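Got the model open in your viewer? Here's a short tour: at each stop, select what's named and have a look around.

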Amino acid sequence: MSAPVVLIAEQLSPATIAALGPDFEVVHVDGTDRDALRSALATANAVLVRSATLIDAEALSWAPQLQVIARAGVGLDNVDIKAATQAGVMVVNAPTSNIISAAELTVAHILGLARHLPRAHSSLSAGLWKRSSFTGTELYEKTIGIVGLGRIGALVAERLRGFGVELIAFDPYVTAVRAQQLGVELVSLDELVKRVDFLTIHMPRTPETLGMIGAEQMRAMKPTAYVVNVARGGLIDEAALAQALTDGEIAGAALDVFMQEPPADASLTGLPNVNVTPHLGASTAEAQEKAGVSVAKSVRLALAGDLVPDAVNVAGGVIDEYVRPGLPLTEKLGQVFAGLAAGPIASLDIEVHGELGERNVEALRLAALKGVFSKVVSDPVSYVNAPLIAEQRGVEVRFSKDTVSESYRNVITLRGSLTDGTTVSVSGTLTGPKQVEKIVEVNGYEVELAIPAHLLVFSYTDRPGIVAAYGGILGEAGVNIAGLQIARDQKKGTALSVLAVDAPVDEALIGALSEAIGADRLCTIDVDAQ
């Protein structure tokens, strides 16, 4: 039997090749040469790329034996994940390879702003000697605000502590215990922007976080304050930032990422009080080597048929075929759980009931954790790092299984306690020949609703006219209700409505709905397809 063929489509470190080991036939090709790539993919079982090689639907059609695409880095813009999934090809990347490099670049940008390093360099390079024009500021005893205290945010905090700064942070999903371990004071976003001398943001880019540092936040900042973004383009509203910098509302900014890369114009990059770099967060020799070694190990696992922790489109690995359909269901339940949670999670119970209890269902625990934390941290979350994220955030995780399920063949439940003492729960199952993913319980109320892309959940005092009220408001806003379930604890007691809607619901509409029906709590949840 011939050895599996691993195609190296771009320049990778010798350590990457060494990590593959001797069990494969390694073939090199210039992935930017489409004709050469087509020929090489014809016999490839795996392909390793960086950012220059495009693996799209056309390239996949050339690769009948391909089992895994490995991107030696974090981003996957050059890989068509949907087409790969449809072709049954696993896609893996290296989600934690750049965290130290990104944290260090953040600190470098903060220091560069504090001491005007780029402008001073340009001035002296031009033959000028203007020491007085570049008087800077010490970091010592300054207040640095970190928006998002995930893996990178925590590394930034650890590195800045040595400068003798005051560290404050906004992250609604971090416990006070975890913040205390990092030497950070948790505050609201409103308080943070008022107090900071330097603000650095480390959040995922979602509809909720897009532009979260905008005109209102910058108007509240000191005129001597600076903002830094080495995370995702668009977290800071670029138009508002340009205006704030021009008007002197803040002193300066440092940006490594942009909504459009490269930027379409110089509205930000051309300002004298902005330091910019061309998305260099992962651009270190160490990060590149870590990425290569990481995906080489994933390729070994994938071609051996083992569980691949960093697979982004399939669970992978040796998983019971009866268990496998429960993985995307459980991950979605985790996302719903995170949406229901109104604060930091203290504990999480993952329960498997029914026939699944007779099988090895450890992968369901990982899927639940991945779903929960993918919605609350800025860093990439995988099956391998989700338990570590839970541990770092002080979340006590318990996992149990049994063979008892009264209403359905199998039920998966996520039940948790928040740090304020409130409890949250959601349960789901797969029903019918098509294995439809359904929510069957929310916070103790029995419902049955296919899991949609957009979900509204709210509780209120049971009384006539409520459905008409929220139906009318959503209808006027052009939001269609695709499915609806109502449950109550008793007549004229507390009722719970769970709505599947066809479009996201914005904050203004949430406020209008909440006021109209007197909702005790109303949350909107966007569920990513797995």
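Helices and strands here are runs assigned by DSSP, with at least four residues for a helix and at least two for a strand, and they are numbered from the N terminus. Keep in mind that you're looking at a predicted model.

**Stop 1: the whole chain**

Start zoomed out, with everything shown as a cartoon. The chain has 17 helices and 22 strands. Its radius of gyration is 25 Å, close to the 24 Å that the globule rule gives for 530 residues, so the chain is as compact as a globular protein of that length. Along the principal axes, the C-alpha atoms fill a box of roughly 80 × 65 × 45 Å. Buried residues make up 52% of the 530. Of the contacts with a separation of 6 or more, 62% are between residues 24 or more positions apart.

**Stop 2: the start of the chain**

Now select residues 5-8, which form strand β1. Which way do the side chains point? V5 and L7 go one way, V6 and I8 go the other, and all are buried. That fits a general pattern: in a regular strand the side chains alternate between the two faces of the sheet.

Add residues 25-28, strand β2, which runs parallel to β1 and is joined to it by four bridges. Look for L7 in β1: its bridge partner in β2 is V27. To get from β1 to β2, the chain passes through helix α1 (residues 14-20), and this β-α-β crossover is right-handed.

Next, bring in β3, residues 46-49, which pairs with β1 over three bridges, also in the parallel sense. Here I8 has L48 as its bridge partner.

**Stop 3: the seven-stranded sheet**

Select β6 through β12. In what order do the strands of this open sheet lie? Read across and you get β8-β7-β6-β9-β10-β11-β12, with parallel pairing. β8 (185-186) and β12 (274-276) stand at the edges with a single partner strand each, so one side of each has no neighbour in the sheet.

Zoom in on β6 (residues 143-147) and β9 (residues 198-201), which run parallel and are joined by four bridges. G145 is the one to click on in β6, as it stands opposite L199 in β9.

Now show helix α5, residues 99-115. This helix lies across β6, β9, β10 (226-229), β11 (252-255) and β12, and runs at about 155° to β10.

**Stop 4: helix α11**

Stay in this part of the model and select residues 238-247, helix α11. Turn on its side chains: A240, L241, A242, A244 and L245 are buried. What covers them? The cover includes α10 (215-220), β10, β11 and β12.

Check both ends of the helix too. At the N-terminal end, D237 acts as a cap, with a side-chain oxygen 3.1 Å from the backbone nitrogen of A239. After the helix comes G248, whose phi is positive, near 75°.

**Stop 5: F258**

Move along to F258, in the loop between β11 and β12. Buried or exposed? With a relative accessible area of 9%, F258 is buried. Leaving aside neighbours within four places in sequence, F258 is in contact with G233, E238, P263, T269, V276 and T277. Two of these names tie back to earlier stops: E238 belongs to helix α11, and V276 belongs to strand β12. If you'd like a distance to try in the viewer, take F258 to G73: they are 185 residues apart in sequence, with 19 Å between their C-alpha atoms.

**Stop 6: the four-stranded sheet**

Finally, jump to the sheet ordered β20-β21-β19-β22, which is open and has antiparallel pairing. β20 (481-488) and β22 (521-526) are the edge strands, each pairing on one side only. Neighbouring strands in this sheet are turned by 15° against each other on average, ignoring direction.

Pick out β20 and β21 (residues 494-501), an antiparallel pair joined by seven bridges. Q485 stands opposite V498 in β21.

Two helices are worth adding here. Helix α13 (residues 326-340) lies across β19 (454-461) and β22, at about 145° to β22. Helix α16 (residues 466-476) lies across β19, β20 and β21, at about 155° to β20.

Last click: A469, in helix α16. At 25% relative accessibility, A469 counts as partly exposed. From here to L268, 201 residues away along the chain, the C-alpha separation is 45 Å.

Definitions and conventions:
Residues are numbered from 1 along each chain as its sequence is written. This is a predicted model: local features need pLDDT of at least 70, side-chain atom pairs count only at pLDDT 80 or more; totals for chains, interfaces and linings use all residues. Side-chain values use heavy atoms; hydrogens and water are left out. Two strands pair if DSSP finds at least two bridges between them. Contact means heavy atoms within 4.5 Å. Axes are lines fitted to C-alpha atoms, for helices over the stretch in contact, and angles run from 0 to 180 degrees between N-to-C directions. Buried means under 20% relative accessible area, exposed over 50%, partly exposed in between (1.4 Å probe, protein chains only). A polar contact is a pair of N or O atoms within 3.5 Å; within protein, one must be able to donate a hydrogen and the other to accept it, and residues adjacent in sequence count only if both atoms are side-chain atoms. A crossover is right-handed if, with the strands pointing away from the viewer, the path from the first strand over the helix to the second runs clockwise. The radius of gyration is taken over C-alpha atoms; the globule rule is 2.2 Å times the number of residues to the power 0.38.
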